[in-house]
Amino acid sequence: MSRKLKGIAAAPGVAIAPLVHFHGTLDYIPTWKVAPEDVDKEKGRLTEAVAEVTRSLHDLQNQLAGELTAHEVRIWDAQLAILHDPTFRQDVAREIDLHGVNLEVALQRVIARYEEVFERMPDPAMRERAADLRDIGRQLVGALMARDRTRYTANGRDYVFAADEFLPSDAGILDREHIRGIVTAHGGKYSHGAILARSLGIPAVVGVEDVLVRAGSGTTVVVDGNTGTVILDPNADELAQYQLRLREQRGIDQRIAEVRFQPAVTTDGVAVRLHANVEGVRDLDSLETEPIEGIGLFRTEFAFMERRQFPTEEEQVAMYRRAMQGAGGKPVTFRTLDVGGDKPLRYLRMPEERNPVLGWRGIRLCLDWPDILFTQMRAILRAGALGHARILLPMITSRSEVQRCRDVLDQLVRDLRDNAEEHDPQIELGVMVEVPVVVPVLPEILPLCDFVSVGTNDLVQYLLAVDRDNQRVAKMYDPFHPGVLRVLQQIADHCARAGKPAAVCGEIAGDHVFTPVLVGLGFRELSMAPVFVPRVKLTLRSFSLGECRSLAAQALAADSTTAVRKLVQDRVRVRWDRFLASGDAGGTGR
Ligand code: PEP
Ligand code: MG
């Protein structure tokens, strides 16, 4: 029977394919009912998983035999003993027999019961066994999920990725040709997983808490990234309806794509520079440079996150040169390392923080460990010799932070010049506006930098005090809040007065519904995932500057988020309908 679940629409489009669970923990595992006739088969899965984990523990012991003492290598014997304990295996089998649950659930329940017992034991050594038990549970569940994953994704089959979260590191393991959609239990529309899904052009629904516990791998699923709907086991009517939508969507996408090589101008010829957001070196291979004017945001931390250790200066130079080449001679804006918050670096020992989003992240971390900033800026300067590079500072809170970065940059330029090393002497320094308090002090900050880029993903989170990763408050995270628009207006005004260019590089820059508002507020540079360039261009080409200004003025004066959203959506929809009906992308004809 089909089951409809509701989540947050995170990346547009529709997908129909079998769901495959990618990673799970003992807290988060797929759950399904096992029919009486399948109980023996389910118990058989335990034998297979035990054999697999035993093999990998023995491999580990052999690998470490040369590095650790014989005593230390025997640490894993305790885990092997649990794995082969007949009582443990009987208890798991009994759980399946009695309750008709799948093996993963049986393991979860039995391990939770054992853990409770161990943790109550007076002997600390016995209490430690609880950790071994948990670890064994994790390995067994991991082995089971890995088996399913291979089974359902082998031989080039299409699939929908399912997990508790879509992590930046997942982008590296996905088979881009066959992944059709993404469904996650956690996250919001502006979390980094959602941003990645959009930039990869994969329909995604996030924050569907029930999805993992209601469907095993292999279940057919419909992912509607336009409405945030997920249908498990769709019936024949639903399948037919979504297959039709899929075909319609492809037709519309084709029409929109035709616009991508046309100039990004309003109907009265005002140019807006459209730039690309790039999440990692991998994105460069598929980057089409003709429709854009450069890379407006290269999130360097993603390339750092995919590695096992800090890249050296030379490795960074190679990475940034690839970006410069990928941009085909157009400017590249390198954001300095923005780790922390929801983007941890596994090789950087970060303290546990109560509020990581308000904690040690972005430029704060780099200024505390200036070696990181120093090496990165030097590498960007050197790679910049291939063309034109810009450096963008994340999470700036005060003028003094910008001053310190400016001093480092000026010193590096002097050193490179004195040593006659190749570099970009014209490099520009930019500041991200994402911490609200920067807005009123922009007049003091602007003389120190060359441009500003507004990171609305964080700015909105901090202005509204709404966590961008938390699906429970996702409804409150709305950039159309009139207060947010007024702050954006202040930023654009400060920059115009100082004669410094102002860009927007948060996700709203790629949301075509926002385009006329941002242009009306005064922004002339928008940086977005490349997939959104055609939509934004199309919208831009159907409004005059006067219409954008008047729409922005009405939005600024509106008294609620709902009113702003409706006003802007209606206005944009009329233009899109006209385009789709006639094929005319606005009146410029350029
Ligand atoms: C932003 O905050 O808007 C931004 C562009 O940076 P990130 O999404 O990587 O935090
Ligand atoms: Mg940010």
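**Figure 1. What lines the largest pocket, by residue class.** In this predicted model, the lining of the largest pocket breaks down into 19 nonpolar, eleven polar and 15 charged residues. The pocket itself has a volume of about 1,500 Å³. If you want a handle on its middle, look for Ala9, Lys189, Gly225, Asn226 and Gln569, which are the closest to the centre among the 45 lining residues. Strand 2 (8-11), helix 9 (236-257) and helix 21 (561-582) are the elements that give two or more residues to this lining. Helix 21 provides the largest share, with seven residues. At the domain level, domain 1 (3-22 + 152-234) and domain 4 (460-585) each put at least three residues into the lining.

**Figure 2. A look into the second largest pocket.** This one has a volume of about 1,200 Å³. Its lining counts 38 residues, and Leu200, Gly201, Ile202, Asp253 and Val531 sit nearest the centre. Sorted by class, the lining of the second largest pocket holds 22 nonpolar, six polar and ten charged residues. Quite a few elements chip in: strand 3 (14-21), strand 5 (179-184), helix 7 (192-200), helix 9, strand 9 (273-278) and helix 19 (533-540) each supply at least two lining residues. The largest share, six residues, comes from helix 9. Helix 9 also turns up in Figure 1, as one of the elements that give two or more residues to the lining of the largest pocket.

**Figure 3. The open sheet and the helices against it.** Here eight strands form an open sheet in the order 1-8-7-3-4-5-6-2, with mixed pairing. Strand 1 (3-6) and strand 2 are the edges, each pairing on one side only. From one strand to the next, the twist averages 30°. Zoom in on strand 5 and strand 6 (residues 204-206): they run parallel and are joined by two bridges. One residue pair to pick out is Val183 with its bridge partner in strand 6, Val205. Helix 7 packs on the sheet and touches strand 2, strand 5 and strand 6, its direction making about 50° with that of strand 2. Helix 6 (residues 124-153) lies across strand 3 and strand 4 (159-163), and runs at about 140° to strand 3.

**Figure 4. The barrel and one helix packed on it.** Another eight-strand set closes into a barrel, in the order 9-10-11-12-13-14-15-16 and with parallel pairing. Neighbouring strands are turned by 25° against each other on average, direction ignored. For a close-up of the pairing, take strand 10 (residues 295-299) and strand 11 (residues 332-335), which pair in the parallel sense over three bridges. Arg299 has Arg335 in strand 11 as its bridge partner. Helix 17 (residues 482-498) packs on this sheet and touches strand 13 (428-433), strand 14 (451-454) and strand 15 (502-504). The direction of helix 17 makes about 170° with that of strand 14.

**Figure 5. The largest cavity, at a domain boundary.** Three cavities of 30 Å³ or more are counted in the model, and the view here is of the largest, with about 70 Å³ of space. Which residues lie nearest its centre? They are Arg299, Arg335, Glu434, Asn457 and Asp458, out of 14 that line the largest cavity. Two of these names are familiar from Figure 4, where Arg335 is the bridge partner of Arg299. Strand 10 and helix 16 (456-464) each supply at least two residues of the lining. Its class make-up is three nonpolar, four polar and seven charged residues. The largest cavity lies between domain 3 (272-433) and domain 4 (460-585), because both give residues to its lining.

**Figure 6. How the chain is split into domains.** To place the close-ups, the chain is divided into domain 1 (3-22 + 152-234), domain 2 (36-144), domain 3 (272-433) and domain 4 (460-585). Domain 1 is written as two stretches, 3-22 and 152-234. The C-alpha centres of domain 2 and domain 4 are 53 Å apart. Domain 4 appears in two of the views above: with domain 1 it gives residues to the lining of the largest pocket, and with domain 3 it gives residues to the lining of the largest cavity.

Technical notes:
Residues numbered from 1 in each chain as written. Chains lettered and ligands numbered in written order. Predicted model: local features only at pLDDT ≥ 70, side-chain atom pairs only at ≥ 80, totals over all residues. Heavy atoms only, no water. 1 Å grid on protein atoms, 1.4 Å probe; cavity = no way out; pocket = protein on both sides within 12 Å on 5 of 7 lines; lining within 4 Å. Points joined across faces, edges and corners; volume = space filled by probe spheres on them. Nonpolar A, V, L, I, M, F, W, Y, C, P; charged D, E, K, R; others polar. Domains from an automatic or database assignment. Pairing = 2+ DSSP bridges. Axes fitted to C-alpha atoms, helices over the stretch in contact; angles between N-to-C directions. Contact = heavy atoms within 4.5 Å.
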